[in-house]
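Opened a fresh page to go through this fold piece by piece. I want to see how the sheet, the core and one loop residue fit together.

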Amino acid sequence: MKAFRVVGHYPASKKKQDFTIDVVASNEDDAKHRLFSHIGSRHRVLRRHITIESLSQIDPSKSSSPNVIHAFRDTITSSPPSTDDSEE
């Protein structure tokens, strides 16, 4: 699985709603499908009304999305706490 960042917009009332969503998918087509499913179910927008401006693969450690962090929790390592021996 890979992490993708999708940027685009969809119509909301009389204006457009911009979005940037990070998704976990196996390839770009799967990422598009997951985006359409997510926005369609949450905002009741048809797939043909969603415009994708860019879709790019990202480093999972650069994402703040909970589903990306959860999917890559084993590979994303936090920096170990620093040990300062000078205090002793």
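Below are my notes, starting with the sheet.

**Sheet.** I'm working from a predicted model here. I looked up the strand order first and got β2-β1-β3, an open sheet of 3 strands with antiparallel pairing. β2 and β3 sit at the edges with a single partner strand each, so each has one side without a neighbour in the sheet. On average, neighbouring strands are turned by 15° against each other, ignoring direction. Next I checked the β1 and β2 pairing: antiparallel, over 11 bridges. A12 is opposite K15 in β2. Then I looked for what packs on the sheet and found α1, which touches β1, β2 and β3. The direction of α1 makes about 130° with that of β2.

**Core.** Which residues have the most contacts inside the largest nonpolar core? I get F19, L35, I39 and I50, in a core of 14 residues. β1 (2-12), β2 (15-25) and α1 (28-43) each put in at least two of its residues. Apart from this core I noted another one of 5 residues, including A3, I58, V68 and F72. I also pulled up the contacts of F19: beyond four places in sequence, they include V6, Y10, L35, I39 and I50.

**S63.** Is S63 buried or exposed? It counts as buried, because its relative accessibility is 8%, under the 20% cut-off. I find S63 in the loop between β3 (51-58) and α2 (66-71). Its side chain makes a polar contact of 2.7 Å with the side chain of D22. The S63 side chain also reaches the backbone nitrogen of S65 at 3.1 Å. Among the other residues S63 touches, I wrote down R5, I58, V68 and I69.

Definitions and conventions. Residues numbered from 1 in each chain as written. Predicted model: local features only at pLDDT ≥ 70, side-chain atom pairs only at ≥ 80, totals over all residues. Heavy atoms only, no water. Core = buried A, V, L, I, M, F, W, Y, C linked by side-chain atoms within 4.5 Å. Buried < 20%, exposed > 50% of the residue type's maximum accessible area, 1.4 Å probe, protein only. Helix = DSSP H or I, 4+ residues; strand = E, 2+ residues; numbered from the N terminus. Contact = heavy atoms within 4.5 Å. Polar contact = N/O pair within 3.5 Å; in protein donor to acceptor, adjacent residues only side chain to side chain. Pairing = 2+ DSSP bridges. Axes fitted to C-alpha atoms, helices over the stretch in contact; angles between N-to-C directions.
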